[in-house]
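Good morning, everyone, and thank you for making the time. Please have a look at the chain on the screen, and then I will take you through it piece by piece.

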Amino acid sequence: MTLNDAATLVIGSGNYLTAPVGTDLPSDLLAPLSPWASVGHTSLEDILSISSEGGEATTIGTLQNKSLRTKYSTRVEVIAFTLQQFDVKGLRLYYGANAPLLSNGLVGVPNEPVPTSCAFLSIFVDGENVFAIYAPKSEIYRADDLSIGDTESLAGLPLGVKPMAHGANNWTYAITPLGTVSALGATAGIPGAFTPSGSLVPANLAGLDLITASPTTAWSAGQYVVLGDNSNAHWNGTDWITGIAS
């Protein structure tokens, strides 16, 4: 791996947002539009942490090789941050989506709390870099007990966000890579390569629309490029086609 100074991160500002389950990532992370909405003020010091459970390794073997392969159990991850806004919306994120608003204006703490189910997005800005964590489906609930330790600091509600697989996705949440540029060209090979070197590989066949093929004539039999979804594609002299050139 080469050194990439542009891929480092120092958070200057940030925000946490929610939307209905399945909401797509905003096209402009610096100006997310409705239905994305901020959760409110969050801690300046306890910005974010990610913890996990599971992922235990089990060694599987045969009579001939007792350490043939390793199998890992499912890993469940929780994104944690501290909300510092004690309004109705914030209290329901902490105590449960079913926390009732009482006739006297108080928020009741439910006996059987239900987590808030929503799409989740955290956005962090570092100069010209924008770093985001996106989950199309997640459950938000209290991550720790409420504790108010002094009279000088803002009190906070520790929240945990549990990303979950949505629809046919084989992933629970996604992270924006830093220090990358989009590919501009693709050179034929077995497999071929995207240019410039180190550029971001197109996610799928549709992502090849703006990619210039080299050569621009039909690629030879056996030549192809590998896309971000692990599928193959080649240039037939006119269009990008799924699969390996034949």
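**A walk through the chain**

Let me begin with one pair of residues, where Ala186 stands opposite Phe194 in S12. The strands concerned are S11, which covers residues 185–187, and S12, and they pair in the antiparallel sense over three bridges. I should say at once that this is a predicted model, so please take what follows as a description of that prediction.

Which strands make up the sheet that this pair belongs to, and in what order? It is an open sheet of three strands, in the order S12-S11-S13, and its pairing is mixed. Strand S12 (193–195) and strand S13 (212–214) are the edge strands, each of them pairing on one side only. From one strand to the next, the twist averages 25 degrees.

Stepping back to the whole protein chain, we have one helix and 16 strands. The C-alpha trace spans about 75 × 55 × 35 Å along its principal axes, and the radius of gyration is 23 Å, whereas a compact globule of 246 residues would have one near 18 Å. Of the 246 residues, 30% count as buried, and the accessible surface comes to about 15000 Å², with 53% of that belonging to carbon and sulfur atoms. If we take the contacts between residues at least 6 apart in sequence, 56% of them join residues at least 24 apart.

Now to the helix, H1, which runs over residues 88–95 and in which Gly90, Leu91, Leu93, Tyr94 and Tyr95 are buried. What covers these buried residues of H1? The cover includes strand S6 (75–83), strand S7 (116–126), strand S8 (129–142) and strand S9 (157–163). Just after H1 comes Gly96, which takes a positive phi of about 130 degrees.

My last stop is His234, which is found in strand S15, residues 232–235. Is His234 buried or exposed? Its relative accessibility is 10%, and because the cut-off for buried is under 20%, His234 counts as buried. A polar atom of the His234 side chain lies 2.8 Å from the backbone oxygen of Gly243. Leaving aside neighbours within four places in sequence, His234 is in contact with Trp219, Gln223 and Tyr224, and also with Asp239, Trp240, Ile241, Thr242, Gly243, Ile244 and Ala245. Gly243 therefore appears both in that list of contacts and as the residue whose backbone oxygen lies 2.8 Å from the side chain of the buried His234.

How values were computed
Residues are numbered from 1 along each chain as its sequence is written. This is a predicted model: local features need pLDDT of at least 70, side-chain atom pairs count only at pLDDT 80 or more; totals for chains, interfaces and linings use all residues. Side-chain values use heavy atoms; hydrogens and water are left out. Helices (H or I, at least four residues) and strands (E, at least two) are DSSP runs, numbered from the N terminus. Buried means under 20% relative accessible area, exposed over 50%, partly exposed in between (1.4 Å probe, protein chains only). A polar contact is a pair of N or O atoms within 3.5 Å; within protein, one must be able to donate a hydrogen and the other to accept it, and residues adjacent in sequence count only if both atoms are side-chain atoms. Contact means heavy atoms within 4.5 Å. Two strands pair if DSSP finds at least two bridges between them. Axes are lines fitted to C-alpha atoms, for helices over the stretch in contact, and angles run from 0 to 180 degrees between N-to-C directions. The radius of gyration is taken over C-alpha atoms; the globule rule is 2.2 Å times the number of residues to the power 0.38. Accessible areas come from the Shrake-Rupley method with a 1.4 Å probe; for residues, only the protein chains shown count as cover.
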